[in-house]
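Please walk through this structure with me, beginning with how its helices pack against one another and moving from there to its nonpolar interior and a few individual positions.

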Amino acid sequence: MNICVFLSAADLPETYTRPAREFAELIGKGGHTLVWGGSDVGLMKVMADGVHAAGGRLMGVSVDFLAGKARKGVDDMVIASDLAERKRLLLEKADAVVIMVGGTGTLDEATEILELKKHGRTDKPVVLLNTAGFYDGLKEQFRRMEDEGFLPRPLTDLVLFAEEPVGAMAYLEESLGIG
């Protein structure tokens, strides 16, 4: 399966790199492909290194203004002209989406896939990996949106909040009938 992972390109502490390495190993050992923003820095590099070391494939989608940070020697790399095209390509190439810790770019990517799901434009499984409670506030906000009628579909139809990488992978494989 092609697993798109939205995540930070920042250098982060072990609290965040450990789960990234664990999920990367699950992708690689499962024979899956990492579809990611293509950067060879920060948490993105941690993921790509881990997937590659565990025997998985790497499919990057970078963007013109970040092409200098793109990872070399991957199985497939596309350079998009802008962020909107990059998001579109990442989602096109993916069978499933995992949202890991990140900043505003990651949040933008997360809300894009959830909006597509909300409107029935995709049925790809989406997992939000809530490492160290990073997304507890967002989870609460989503619950409020659901409770107050802002979501036309139940939150559980849109995204699974997973606390650990193994739970995220199990959900993806079950959702896509793999394993």
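In this predicted model, the contact between helix 1 and helix 7 is made by Pro 19, Glu 22, Phe 23, Leu 26 and Ile 27 on the side of helix 1, which meet Pro 165, Val 166, Ala 168, Met 169 and Leu 172 on the side of helix 7. Sorted by class, the residues of this contact comprise nine nonpolar, no polar and one charged. The axes of helix 1 and helix 7 come within 9 Å and cross at roughly 35 degrees, and the crossing in which helix 1 passes helix 7 is right-handed.

Helix 1 also packs against helix 2, with an angle of about 35 degrees and axes that are 7 Å apart, and here too helix 1 passes its partner, helix 2, in a right-handed crossing. From helix 1, the residues Tyr 16, Thr 17, Ala 20, Arg 21, Phe 23, Ala 24, Glu 25, Ile 27 and Gly 28 take part, and they meet Leu 43, Val 46, Met 47, Gly 50 and Val 51 of helix 2. The contact of helix 1 with helix 2 has nine nonpolar, three polar and two charged residues. Phe 23 and Ile 27 of helix 1 thus appear in the contact with helix 7 and again in the contact with helix 2.

These two residues lead on to the nonpolar interior. The largest nonpolar core has 29 residues, and those that touch the most other members are Ile 3, Val 5, Phe 23, Ile 27, Leu 34, Met 47 and Val 98. Two or more residues of this core are given by each of strand 1 (2-6), helix 1 (14-29), strand 2 (33-36), helix 2 (42-53), strand 5 (96-99), strand 6 (126-129) and helix 7 (165-175). The largest share, six residues, comes from helix 2. Apart from this core there is a second, separate core of 24 residues, which includes Val 61, Ile 113, Leu 114 and Val 126.

Val 98 offers a view of the largest core from a single position: leaving out residues up to four places away in sequence, Val 98 touches Ile 3, Cys 4, Val 5, Phe 6, Phe 23, Val 127, Leu 129 and Leu 172. Of these neighbours, Phe 23 and Leu 172 also belong to the contact between helix 1 and helix 7.

A further helix pair is formed by helix 3 (residues 83-93) and helix 4 (residues 104-118), whose axes come within 11 Å and cross at roughly 55 degrees. Helix 3 and helix 4 are therefore oblique to each other, and helix 3 passes helix 4 in a right-handed crossing. Lys 87, Leu 90 and Leu 91 of helix 3 meet Asp 108, Glu 109, Glu 112, Ile 113 and Leu 116 of helix 4. By class, the residues of this contact divide into four nonpolar, no polar and four charged. Ile 113, which takes part in this contact, is also among the residues of the second core.

Asp 108, in helix 4, counts as partly exposed at 37% relative accessibility. Asp 108 and Phe 6 are 102 residues apart in sequence, yet 9.7 Å apart in space from C-alpha to C-alpha.

Leu 12 is another position that brings distant parts of the chain into view. Leu 12 is found in the loop between strand 1 and helix 1 and is partly exposed, with a relative accessible area of 29%. Leaving aside residues up to four places away in sequence, Leu 12 touches Thr 17, Leu 43 and Val 101. With Val 101, Leu 12 has a sequence separation of 89 residues, and the C-alpha atoms of the two are separated by 9.7 Å.

Towards the end of the path, Leu 176 is found in the segment after helix 7 and is partly exposed, with a relative accessible area of 35%. Leaving aside neighbours within four places in sequence, Leu 176 is in contact with Met 1, Asp 95, Ala 96 and Pro 125. The C-alpha atoms of Leu 176 and Ser 81, 95 residues apart along the chain, are separated by 31 Å.

Finally, Ala 132 lies in the loop between strand 6 and helix 5 (136-147), where Ala 132 has a positive phi of about 55 degrees although it is not a glycine. With a relative accessible area of 58%, Ala 132 is exposed.

Methods: Residues are numbered from 1 along each chain as its sequence is written. This is a predicted model: local features need pLDDT of at least 70, side-chain atom pairs count only at pLDDT 80 or more; totals for chains, interfaces and linings use all residues. Side-chain values use heavy atoms; hydrogens and water are left out. Axes are lines fitted to C-alpha atoms, for helices over the stretch in contact, and angles run from 0 to 180 degrees between N-to-C directions. Helices (H or I, at least four residues) and strands (E, at least two) are DSSP runs, numbered from the N terminus. Angles under 35 degrees count as roughly parallel, over 145 as roughly antiparallel, 65 to 115 as roughly perpendicular and the rest as oblique. A crossing is left-handed if the near helix is turned anticlockwise from the far one by less than a right angle, and right-handed if clockwise. Contact means heavy atoms within 4.5 Å. Ala, Val, Leu, Ile, Met, Phe, Trp, Tyr, Cys and Pro count as nonpolar, Asp, Glu, Lys and Arg as charged, and the others, Gly among them, as polar. A nonpolar core is a set of buried Ala, Val, Leu, Ile, Met, Phe, Trp, Tyr and Cys residues joined through side-chain atoms within 4.5 Å. Buried means under 20% relative accessible area, exposed over 50%, partly exposed in between (1.4 Å probe, protein chains only).
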